[in-house]
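Colleague: I would like to go through this structure feature by feature. Please give the general rule each time, then the case.

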Amino acid sequence: MSKLPDPIREGLQRGWKVRGGPHGAVPETLSCDVAIIGSGAGAGITAELLARAGLSVVIVEEGPLRSSSDFRQRESEAYPQLYQESASRKTEDKAISILQGRCVGGSTTVNWTSSFRTPPSTLGFWAQHFGLKDYNEQALEPYFEQAERRLNVSSWQMPPNENNELLRAGAVKLGIPVESIRRNVQGCWNLGSCGMGCPTNAKQSMLVTTLPVALEQGATLLVQTRAERLEVASGKVQALHCVGVQLNSTVAGDAARTRITAKHYVLSGGAINSPAVLLRSQAPDPHGRLGQRTFLHPVVMTAALMQQRVEGWTGAPQSLCTDHFLETQAIDGPMGFKLEAPPLHPLILATTLPGMGQPQADLLRQFPHTHVLLALLRDGFHEQAQGGRVKLRGDRSAVLDYPLTDYVMDGARRAMLAMAEIQFAAGAQQVLPVHEMATLYSTWAQAKAAIEQLPMKPLLTKVVSAHVMGGCGLAADEKRGVVRPDGVHWQVENLSVHDGSLFPTSVGANPQLSIYGIVNRLAQGLVQRLTGQSQAQPLA
């Protein structure tokens, strides 16, 4: 793979304007039409549309610029370089582990490519409870279509790997419908290492799609540069203050500092980071909404030992799912969940499985025969699922306080029961709920009785997440949200938010395509306002 073309290195050789870290010093001052904080899903879409409209754009990214030549399918390299806090970001009480990207392309560089439009039931809830009447299927349809075409979101044509096929086998045996997951890939080699960066450039992340277009149009990219705060006065952002950071995100004593002035600012740092920038900036928050209602799709898992080899590290990570446990109950009833099969790699598996010492070593010896299911819990639709709150630590870094309420943990128990039953139906010899007090169970009846008695408590129940949403929620009035329906901050007229922090609830599905489609709409509107065009050029 070292002989494959690397479009990022080729662009740098052509003279892309990239500064920071090994790419040269960042100027003390910069001015532009639009400054974008972040380089992930929302930032990439926005940057391409703005740059193609002839606007001068500066993109600020805390993480490094890495590309296919650097992606060697090694967890030991990928997690420290490409993820927030070396893939060890946790909630304030350490009860939930959170995977978020921290590199050029953000989480789109390291996600598993699952692509779902925002479910109609979610859009209906937003209209009813947050006044977002224009966020409906018909209004969003053209923007989703453009994003899907631009990023090659399409049905996965290759057979599922064994890890996913076992989900289908067990579910079908129980009469549970299973559907295929669309993926944003082109020429995929089916390697299975999506979470470590795509070494073949098949994943249509922002790293290889929208950001290169913006850079070809003259945009400037600052890497290893942290957006510390916005200077806000008289209802407008006056400047963005940034500081250079090292690869591990620490600030050296002699770190370069940069002040960026722009006509407009776009905050696309992702949920947790975007609210944190506003908190550090002491942005107006008259109704106490900032950082509130931050959602995670809390994930619980069950592992199973199969007679055959599963080899969950090979092949497309996620190609099948079931929404049965979402669609069979009211959206504001008991917490529903979406079932998927995650990729399995040694380090991430070892740090997630319960236990320690010899018992865990015995489990890891069975790694090739291990099957795992995960449940995405749909938070944000019930009064007892209000999500969490983004806060600042003493050093002004971001942390999420997310209480795992009894309501959430009831959903976790029901999800574990559903997954264990599916795994036994698929032929599992033993099933292990990923819980510190669980053991391997050899029959469905035995597992059912045990799961029903497990204490579903934080730190005992292993909970993880890769989907962070909310904290700067959209709403039709300022009392219910931070951001207007057009993406502009309610109290700061030249500041927009274009990322998953916009969502007033969780989505109920992997959120990347929701961000692409909704931000595509918002960014086209922003282009019209900034340029005076009657109609912005669509994403293409």
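Colleague: How many bridges join strand β11 to strand β12?

Modeller: First, the basis: this is a predicted model, in which local features need pLDDT of at least 70, side-chain atom pairs count only at pLDDT 80 or more, and totals for chains, interfaces and linings use all residues. Residues are numbered from 1 along each chain as its sequence is written, and side-chain values use heavy atoms, without hydrogens and water. Strands are DSSP runs of E, at least two residues, and helices are runs of H or I, at least four, numbered from the N terminus; two strands pair if DSSP finds at least two bridges between them. Here β11 (residues 225-233) and β12 (residues 236-244) run antiparallel, joined by eight bridges. Val 232 has Val 237 in β12 as its bridge partner.

Colleague: Which residue in the turn of this hairpin has a positive phi?

Modeller: Ser 234, at about 55 degrees; two residues lie between the strands.

Colleague: How are the rings of Phe 125 and Phe 381 arranged?

Modeller: Rings of Phe, Tyr and Trp (its six-membered ring) pair if their centres lie within 6.5 Å; planes under 30 degrees apart are stacked, over 60 edge-to-face, the rest tilted. Five aromatic pairs result. For Phe 125 and Phe 381 the centres are 4.8 Å apart and the planes at 70 degrees, so this pair is edge-to-face. Phe 125 belongs to helix α5 (residues 120-130) and Phe 381 to the loop between β18 (370-377) and β19 (389-392), so the pair ties together parts 256 residues apart in sequence.

Colleague: Is Phe 381 buried or exposed?

Modeller: Buried means under 20% relative accessible area, exposed over 50%, partly exposed in between (1.4 Å probe, protein chains only). Phe 381 is buried at 5%, and Phe 125 is buried at 8%.
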